[in-house]
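Thanks for coming, everyone. Let me put a new structure on the screen and walk you through it.

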Amino acid sequence: PTSLRDLSEQGVLAYTRVQKLGTSIFPKTPPRLWLIFMAEGGPGTLSRFFTAYENRGEIQAERTEAMRSYDLHPSPALEQLRNRLVIQWGADPIRWAKRGDAAAALPVVEVADPTVVPFPGYGNVLLSFDELRRVVADRSYERWQAALSAVQGIYAISDARTGQLYVGKADGIERILGRWAVYAQDGHGGNVALKALGVKDPSHRQDFTFSILRVFDPSAPASEVNAAESHFKRALLTREFGLNRN
């Protein structure tokens with residue numbers, strides 16, 4: 001396998017979803033779940049688990065005389081082992097694609113301790129949808145989880161596809177972590193406008209970016225949090241031009 005460690009997650013997805021028509025290595029009908037490993041470099045043949053994709057089928061409209069493209073979506077499969085699971089790829093590193101039965105026999109070399117990711121401060125939080133999913137579920141983000149579960153707050157979701165904004169609140173016992181965990185699960189958090197975007201195109205959630213506008217102590221009264229939420233909706237015009245419906 002070729003190392004793509006310097007590429008973004010979007011770059012790896014773009015690289016992976018396009019495959020040659022030939023079936024000598026890549027199967028004619030590939031499986032639903034794809035596990036992506038990156039070469040560790042050096043003379044060995046070790047590979048580290050990078051991510052997983054759910055294959056929802058070939059996109060026939062994008063097929064060319066030489067290539068075929070697939071509708072891939074990030075999958076939570078083996079989420080806890082990202083960048084931790086290292087396997088012995090085998091004696092033939094050129095054979096970059098392995099089917100499930102062959103991959104199951106590859107020896108596990110290491111399951112490294114998770115790296116603890118430092119929390120950057122509430123004012124510096126800026127997360128893509130995939131990053132959000134990791135923050136709420138991955139043990140390496142335990143400092144983030146502690147910080148986000150300690151405060152109430154006002155947050156923003158920006159939609160890179162349309163430029164629109166959504167302003168929301170996380171109050172009471174839910175706190176920011178609890179509220180964002182719902183978004184990580186369904187992509188819309190029950191919000192009418194965000195849910196409608198997902199109905200039209202389930203991949204739209206990949207264009208969302210999550211940030212924090214203001215935080216409150218857990219003891220802050222609901223009226224103070226509500227007033228701040230209304231303030232930011234007015235200031236950012238999210239009712240008139242954004243994704244807020246109330």
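How many bridges pair β5 with strand β6, and in which sense, parallel or antiparallel? The two strands run antiparallel, and three bridges join them. Strand β6 covers residues 108-111. Look for L85 in this pairing: its bridge partner in β6 is V111.

Before I go on, a word of caution. This is a predicted model. Every value I quote is computed from it.

Now stay with β5. Strand β5 has another partner on the screen, β3, which spans residues 46-58. Here too the pairing is antiparallel, with three bridges. One contact to find is S47, whose bridge partner in β5 is I87.

I87 deserves a stop. The residue sits in strand β5. Is I87 buried or exposed? Its relative accessibility is 6%, so I87 counts as buried; the cut-off for buried is under 20%. Now compare sequence and space. I87 and T45 are 42 residues apart along the chain. From C-alpha to C-alpha, the two are 8.6 Å apart.

Let's step back to the whole chain. The protein chain has 246 residues, and 39% of them are buried. Its secondary structure comes to seven helices and 10 strands. The C-alpha atoms fill a box of roughly 65 × 45 × 25 Å along the principal axes.

Next, the loop before β5. This loop runs between β4, residues 67-74, and β5, residues 85-88, and L78 lies in it. L78 has a positive phi, near 55 degrees, and L78 is not a glycine. N83 is in the loop between β4 and β5 as well. N83 also has a positive phi, about 60 degrees, without being a glycine. How accessible are they? L78 counts as partly exposed, because its relative accessibility is 38%. N83, with a relative accessible area of 42%, is partly exposed too.

On to the pocket. What is the volume of the largest pocket? About 900 Å³. Its lining takes in 33 residues. Nearest the centre are L35, I36, W96, A97 and K98. Several elements supply at least two lining residues each: α1 (9-17), β1 (18-20), β2 (33-39), β5 and α2 (100-103). So our strand β5 shows up again here. Which element gives the most? That is β2, with six residues. By class, the lining divides into 26 nonpolar, four polar and three charged residues.

There is a cavity as well. The count comes to one cavity of 30 Å³ or more. The largest cavity holds about 30 Å³ of space. P74, S75, E79, R82, D130 and R133 line it. Sorted by class, that lining has one nonpolar, one polar and four charged residues.

Now the other sheet I want to show you. In general, strands of a sheet pair through backbone hydrogen bonds, either parallel or antiparallel. What is the strand order in the open sheet of four strands? The order is β7-β10-β8-β9, and the pairing is antiparallel. β7 (126-128) and β9 (165-170) stand at the edges. Each of these edge strands has a single partner, so one side of each is left without a neighbour in the sheet. On average, neighbouring strands of this sheet are turned by 25 degrees against each other, direction ignored.

Zoom in on one pair there. Strand β8, residues 152-159, pairs with β9 in the antiparallel sense over six bridges. Within it, I154 stands opposite K169 in β9.

Last stop, the core. The largest nonpolar core has 25 residues. Which of them touch the most other members? They are L127, I157, W180, Y183, L194 and F210. Helices and strands both contribute: α3 (129-137), α4 (142-148), β8, β9, α5 (175-186), α6 (192-200) and β10 (208-216) each supply at least two residues. α5 gives the most, with five residues.

To recap. β5 pairs antiparallel with β6 and with β3. Residues of β5 also help line the largest pocket. Meanwhile β8 and β9 pair with each other, and both supply residues to the largest nonpolar core. That's my tour.

Note on methods: Residues numbered from 1 in each chain as written. Predicted model: local features only at pLDDT ≥ 70, side-chain atom pairs only at ≥ 80, totals over all residues. Heavy atoms only, no water. 1 Å grid on protein atoms, 1.4 Å probe; cavity = no way out; pocket = protein on both sides within 12 Å on 5 of 7 lines; lining within 4 Å. Points joined across faces, edges and corners; volume = space filled by probe spheres on them. Nonpolar A, V, L, I, M, F, W, Y, C, P; charged D, E, K, R; others polar. Pairing = 2+ DSSP bridges. Axes fitted to C-alpha atoms, helices over the stretch in contact; angles between N-to-C directions. Buried < 20%, exposed > 50% of the residue type's maximum accessible area, 1.4 Å probe, protein only. Core = buried A, V, L, I, M, F, W, Y, C linked by side-chain atoms within 4.5 Å.
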